Amino acid sequence: MATLTAPDLNGYKTVSESEIQSFKENGHVLIPGILNENEVSYYRDVINKAAVTYNTEKRKLEDRDTYGKAFLQITNLWEVDENVKNFSLAKRFGKIAADLLGVENVRIYHDQALYKEPGGGFTPWHQDQYYWPVDTDKTITMWMPLIDIDSDMGMLTFASGSHQSGFIENVPISDESEIMLQKFVHEKGYKITRAETMNAGDATWHYGWTLHSAPGNKSTDVVREVMTIIFVADGAKITEPQNKHQEADRQRWMAGAPAGELFASNLNPVIL
């Protein structure tokens, strides 16, 4: 049962030196037990309610393209829901992000509920930072399941070390990105890494340039409930958009601020 009082997520969790080193080397790391059972229970309820309220995808699974089949995507819930705001702007998450990136402070880019429905399709290989017009590689995505999941439910899958290649292909998440980037991963010989299981409240963290994908959700009746938060190092500047998606992001997630300005709009508050 969820508690009535919102659990306070401002207490820090120590990140070990080995976790920081693993993150820098591989471009990703799994940190267990970031939330306890009570915290997960409360915020899962909060996020699920907000996701249902603000979900705009009404098409049947079979009527969507590959990207649409991959997940239901409900973005920036912190902007419209005070309870989700307590989650997405939590100092606990921001401190982990800052420690892994080796910076003093981070700003939120946006949050995103990613719900892979039963029978939901695969998520093609992609780089998150393809979408982000920022002048730093100090960017990070937290990917946290709100329920216990296993590898049959769409576990996040990484090409370890791929972050060191930087911007690879100017291509969005699509069948095209799957073909091009899978070929790149194969040619480079990156180790493919995914957890067998994750508990609710565990989280993976990956650089914006780390190549990743996810298989489909083979479950017939369980939605893979995942909440993500993207952070950017404080002090980053906005760059000239390199594609239409970056321009759309500049308008939506950076309040239309021009290239050359600090990444510091009212939609990108500092966390710590």
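## An aromatic cluster

Ring pairs join Tyr42, Tyr43, Phe87 and Phe93 into a cluster. Keep in mind that this is a predicted model. Across the whole structure there are 9 aromatic pairs. One of them is Tyr43 with Phe87, a tilted pair with 5.6 Å from centre to centre and 50 degrees between the planes. Tyr43 belongs to helix H2 (residues 37-54) and Phe87 to helix H4 (residues 82-88), so this pair ties together parts that sit 44 residues apart in sequence. Both rings are tucked away: Tyr43 is buried at a relative accessible area of 1%, and Phe87 is buried at 0%.

Another pair to look at is Tyr109 with Phe263. These two are stacked, with 5.7 Å between centres and 15 degrees between planes. Tyr109 is in strand S3 (residues 106-116), while Phe263 is in the segment after helix H7 (244-253), so here the parts being tied together are 154 residues apart in sequence. Tyr109 is buried, with a relative accessible area of 0%, and Phe263 counts as buried too, at 1%.

Tyr12 has a charged partner: the charged end of Lys95 sits over the Tyr12 ring, 5.4 Å from its centre.

## The sheet and the helix across it

Now for the strands. An open sheet is built from 6 of them, in the order S1-S10-S5-S12-S3-S2, with antiparallel pairing. At the edges are strand S1 (28-31) and strand S2 (72-75), each of which pairs on one side only. From one strand to the next, the twist averages 20 degrees.

At the S1 edge, the partner is strand S10 (residues 203-207), and the two pair in the antiparallel sense over 4 bridges. If you want a spot to find this on screen, His28 stands opposite His206 in S10. Helix H2, the home of Tyr43, lies across S2, S3 and strand S12 (224-233), and runs at about 75 degrees to S3.

## Salt bridges

The model has 9 salt bridges. In one of them, the side chains of Glu39 and Arg92 meet at 2.9 Å, N to O. This pair links distant parts of the chain, with Glu39 in helix H2 and Arg92 in helix H5 (residues 91-101), 53 residues apart. Glu39 and Arg92 are both buried.

Helix H2 also carries a bridge within itself. Asp45 and Lys49 meet through their side chains at 3.3 Å, N to O; being 4 residues apart in H2, they are separated by about one helical turn. Asp45 is partly exposed at 33% relative accessibility, and Lys49 is exposed at 54%. Helix H6 (residues 175-188) holds Glu187 and Lys183, again 4 residues apart, or about one turn of the helix. Their side chains form a salt bridge of 3.0 Å, N to O, and Glu187 and Lys183 are both exposed.

## Two backbone oddities

Most residues other than glycine have a negative phi. Asn76 is not a glycine, yet it has a positive phi of about 55 degrees. You'll find Asn76 in the loop between S2 and H4, where it is buried with a relative accessible area of 2%.

Ala255 also has a positive phi of about 55 degrees without being a glycine. Ala255 lies in the segment after H7, and at 45% relative accessibility it counts as partly exposed.

Definitions and conventions: Residues are numbered from 1 along each chain as its sequence is written. This is a predicted model: local features need pLDDT of at least 70, side-chain atom pairs count only at pLDDT 80 or more; totals for chains, interfaces and linings use all residues. Side-chain values use heavy atoms; hydrogens and water are left out. Rings of Phe, Tyr and Trp (its six-membered ring) pair if their centres lie within 6.5 Å; planes under 30 degrees apart count as stacked, over 60 as edge-to-face and the rest as tilted. Buried means under 20% relative accessible area, exposed over 50%, partly exposed in between (1.4 Å probe, protein chains only). A charge sits over a ring if NZ of Lys or CZ of Arg is within 6 Å of the ring centre and within 35 degrees of the ring normal. Two strands pair if DSSP finds at least two bridges between them. Axes are lines fitted to C-alpha atoms, for helices over the stretch in contact, and angles run from 0 to 180 degrees between N-to-C directions. Contact means heavy atoms within 4.5 Å. A salt bridge is a side-chain nitrogen of Lys or Arg within 4 Å of a carboxyl oxygen of Asp or Glu.
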